[in-house]
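User: Please walk me through this structure with short questions and answers. Where should we begin?

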Amino acid sequence: MTESFVDNALQLLKDLIAVDSVNPSLVPGAAGEAAVARTIAEAMRGIGLTVETQEAAPDRPNVVGTLEGRQPGRSLMFCGHIDTVGVGGMKAPFEAAERNGRIYGRGSQDMKSGVAAMIDVARVIAESGGLAAGKLVIACVVDEEHASIGADALVTKWRADAAVVTEPTDLQVAIAHKGFEWVEIETEGVAAHGSRPREGRDAIRLMARVLNGLDALDRALQSRAPHALLGTGSLHASLIEGGRELSSYPDRCHLQMERRTIPGEAPGAATREVDDLLTRLRADDGDFKAAHKEMFARSPYEIAADHELPKAMMRALVAPVAPTPIGMSFWTDAAILGDAGIPSILFGPSGAGLHSVEEWVDAQSVLQCRDALVALTLDWCR
């Protein structure tokens, strides 16, 4: 690659970091993705892509660019999210500072580096004569950090024969990731003056029974035979609140929990497990009252290691990267693409600090990611 190619990928990354795209579903009143979508659309048009926008929600547009080959052939999609988590506690989240081979800022690792790399793939190929056959689709989607309304909207309109989600994987090929299920539980007590124990029933202490049961369930989950790439399922209590004042028995306690799932577990596992637990607690105490419901869920994802796509991605890698498939603990939009019938893998740059107060990406890894994706595209689109 020439020096201009190197400069372009990293400059685009810095331009993207400089645009505030904090997800408004996570931080009320946050900027959202509209401004960064405009920056991306301009960059795509500048390299000759056909660009379309798709409103996943008002002022929250996906941006999709396409590069058509000269002949019909297989299509390949690169997909990355353009929203970020919040910036609380960060000193300069949008400055895109470069120090010692690292580029810092919110979204540098998660995942504007992957987005910059995949856009620059199209530029490199376009400036090198274009695609002989097939089609490359560059999909930049909103809201992955919350409910993935962007990816949900994307698959209603766009398809491809394969996809790479450019989440950070340390330049390794990831073929599986965990899913999650969120469940809320509420225990019901009886409000009373704190001096009258016969009249009151403590909803917070009742929730302690639930927590004890969840603790036992988590230990059981983590004692099961692990998935080869992802380990075991797990759960944790995420948010809890209850009570009204110090001198009163609390009449309610509300818990929100998360269950991480692995391939092979049936959908709705967490809701069934909680239902079983509450049933046992009611059997132990006829006065125990609690209710639960599923809040939100996303499925785990896995593609076979011997599928043509991960094999092609591993062929595209160069030393010192070891071509051994891995799994990722976090959830990604690959599950949505896969569920829509688009075989998908994960491959992206190296860095650290995603969702933390100091986030960075290794600049050289962005270029290595871009170059590997160029090689994959030329191999796949034929």
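## Backbone, core and helix packing

User: Does Asp 59 count as buried or exposed?

Analyst: The cut-offs come first: buried means under 20% relative accessible area, exposed over 50%, and partly exposed in between, with a 1.4 Å probe and protein chains only. Asp 59 has 58% relative accessibility, so the residue counts as exposed.

User: What should I know about the model and its numbering?

Analyst: This is a predicted model, in which local features need pLDDT of at least 70 and side-chain atom pairs count only at pLDDT 80 or more, while totals for chains, interfaces and linings use all residues. Residues are numbered from 1 along each chain as its sequence is written, and side-chain values use heavy atoms, leaving out hydrogens and water.

User: Where does Asp 59 lie?

Analyst: Helices (H or I, at least four residues) and strands (E, at least two) are DSSP runs, numbered from the N terminus. Asp 59 is not a glycine, yet its phi is positive, about 60°. Its place is the loop between β1 (50–57) and β2 (60–68).

User: Ser 148 also has a positive phi; does Ser 148 count as buried or exposed?

Analyst: Ser 148 is not a glycine either, and its phi is about 55°. The residue sits in the loop between β6 (133–141) and α4 (149–154). Its relative accessibility is 1%, so Ser 148 counts as buried.

User: Which residues does a cis peptide bond join?

Analyst: Omega at this bond is about -10°. One partner lies in helix α3 (residues 108–127). The bond joins Asp 110 and Met 111.

User: What is the overall make-up of the chain, and what share of its residues is buried?

Analyst: The chain has nine helices and 19 strands. Its C-alpha trace spans about 80 × 45 × 40 Å along the principal axes. Of the 382 residues, the buried share is 53%.

User: Among contacts between residues at least 6 apart in sequence, what share joins residues at least 24 apart?

Analyst: Contact means heavy atoms within 4.5 Å. Counted over the chain, the share that joins residues at least 24 apart is 78%.

User: Which residues in the largest nonpolar core touch the most other members?

Analyst: A nonpolar core is a set of buried Ala, Val, Leu, Ile, Met, Phe, Trp, Tyr and Cys residues joined through side-chain atoms within 4.5 Å. In soluble globular proteins, nonpolar side chains tend to be buried together. The largest core here has 86 residues, and those touching the most other members are Ile 40, Met 77, Phe 78, Ile 138, Cys 140, Met 313 and Phe 347.

User: How many residues does the other core have?

Analyst: This core lies apart from the largest one. Among its members are Leu 217, Met 257, Val 274 and Leu 281, and its residues number 20.

User: How are α3 and α9 oriented to each other?

Analyst: Axes are lines fitted to C-alpha atoms, for helices over the stretch in contact, and angles run from 0 to 180 degrees between N-to-C directions. The axes of α3 and helix α9 (residues 363–380) come within 8 Å and cross at roughly 50°. Angles under 35 degrees count as roughly parallel, over 145 as roughly antiparallel, 65 to 115 as roughly perpendicular and the rest as oblique. The two helices are therefore oblique.

User: At what angle do α5 and α6 pack?

Analyst: Helix α5 (residues 203–222) and helix α6 (residues 269–284) have axes 10 Å apart. Residues that meet include Leu 214 and Leu 217 in α5, and Val 274 and Leu 281 in α6. The pair is therefore oblique, and the packing angle is about 130°.

User: Is Gly 179 buried or exposed?

Analyst: Gly 179 is in strand β9 (residues 179–188). Leaving aside neighbours within four places in sequence, its contacts include Arg 259, Pro 300 and Trp 331. With a relative accessible area of 0%, Gly 179 is buried.

User: Which residues does Arg 99 touch, not counting those up to four places away in sequence?

Analyst: Arg 99 is in strand β4 (residues 98–99). Its relative accessible area is 41%, so Arg 99 is partly exposed. The residues touched are Tyr 104 and Glu 358.
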